[in-house]
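Open the model in your viewer and set the display to cartoon. The stops below go from a sheet to a helix that covers it, then to a helix pair and two backbone details.

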Amino acid sequence: MTSALGKDLLGLEFLSSEQIRLILDTAEPFKEISERSIKKVPALRGSTIVNLFFENSTRTRISFEFAEKRLSADTVNVSALGSSVQKGETLVDTARNLEAMRIDMVVIRHGASGAAQFLADRIESNVINAGDGLHEHPTQGLLDLLTLRDRFGELAGKKVCICGDVLHSRVARSNIWGLKKMGAEVAVCGPRSLLPHGIEEFGVTVFERIEDAIQWADALNVLRLQLERMTAGYIPSSREYNRVFGVTRERLERAPHDILILHPGPMNRGVEIDSDVADGPHSVILHQVTNGVAIRMAVLYLLAGGRPELAEAAKGGAR
């Protein structure tokens, strides 16, 4: 059965607003499962899912694994370290060998942009992109949208500024495409060295002062400085970055209204965000983590052919 999302979830760039809304709506009934004493439903019983993580990950990998187990799927975790990849096996050969064991889905994180698409074009199993290079991180974008919708009720017309290391962020691209399709106004803020060339072509406003972004926005999505991806001196120092672009309590107190604070994690406390903001009353960072499981359950359920109108009934086992 062809799902409402097609065969794979590779990014938000080519999803329609209706498909994005479908995923968000399908996630709603799945939230309740994580609040139960027994956090498990039989919706994907009999399905086998392989988590191929060729980059380090904590929350994304665990979130997917929780989502899979709560839907009763059988799961296998594979990382580059300790696998045949270290012996020179290609990505496609790894996936085809796994597919020969009759798997149903592959969740892949890879350091190369386009790796998820490359794999999806070559295997029959459903492929979910859990982050590919500097390209996209669609489930993170979707959980950010769900968290914003939880607070605002509607995304259309809301002003969201993505702050920090946009250049190295796959989260930023998924957020920009997803938010704009849902009718939100989107801006970016950061040093020019950390904004992609031609970022204005995405249809976003560019702020060069964090104070201006705070005055404009209803929500800030604060990005981590990805020092491990930086091959040159993009900023003078972390201390200087915090002084000029850090999201601090003092700066938020000058906002004209309450402002929501998101961060995809992991955080560099005292660099892009101060602890009293990350742990403060405006922060929904842990709510994002909770919503991540529901979003991933919704994506898994839909790609497996689950009918969105039966998502509530799926908690009892129907598709």
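Two strands are taken to pair if DSSP finds at least two bridges between them. Helices (H or I, at least four residues) and strands (E, at least two) are DSSP runs, numbered from the N terminus. The model is predicted, so to speak of local features requires pLDDT of at least 70, side-chain atom pairs count only at pLDDT 80 or more, and totals for chains, interfaces and linings use all residues. Residues are numbered from 1 along each chain as its sequence is written, and side-chain values use heavy atoms, with hydrogens and water left out.

**The sheet.** Select residues 48–53, strand S1, and residues 74–79, strand S2; they run parallel and are joined by six bridges. Show Asn51 as sticks: Asn77 in S2 stands opposite. Between the two strands the chain passes through H2, a β-α-β crossover that is right-handed (with the strands pointing away from the viewer, the path from the first strand over the helix to the second runs clockwise).

Add strand S3 (residues 105–110), which runs parallel to S4 and is joined to S4 by five bridges. Val107 has Ile128 of S4 as its bridge partner. The four strands now on screen form an open sheet, ordered S2-S1-S3-S4, with parallel pairing. S2 and S4 (126–132) are the edge strands, each pairing on one side only. From one strand to the next, the twist averages 15°.

**The helix across it.** Select H2, residues 59–70. H2 lies across S1, S2, S3 and S4, and runs at about 180° to S1. Axes are lines fitted to C-alpha atoms, for helices over the stretch in contact, and angles run from 0 to 180 degrees between N-to-C directions. Contact means heavy atoms within 4.5 Å.

**The helix pair.** Add H11 (residues 285–303): H2 and H11 pack at about 55°, with axes 8 Å apart. That angle makes H2 oblique to H11 (under 35 degrees is roughly parallel, over 145 roughly antiparallel, 65 to 115 roughly perpendicular, and the rest oblique). Residues to show at the contact include Phe64, Phe66 and Arg70 of H2, and Val293, Arg296 and Leu300 of H11.

**Two backbone details.** Go to Ser72, in the loop between H2 and S2. Ser72 is not a glycine, yet its phi is positive, about 70°. Finally, select Gly265 and Pro266, which are joined by a cis peptide bond with omega of about -10°. Pro266 sits in the loop between strand S9 (260–262) and helix H10 (275–278).
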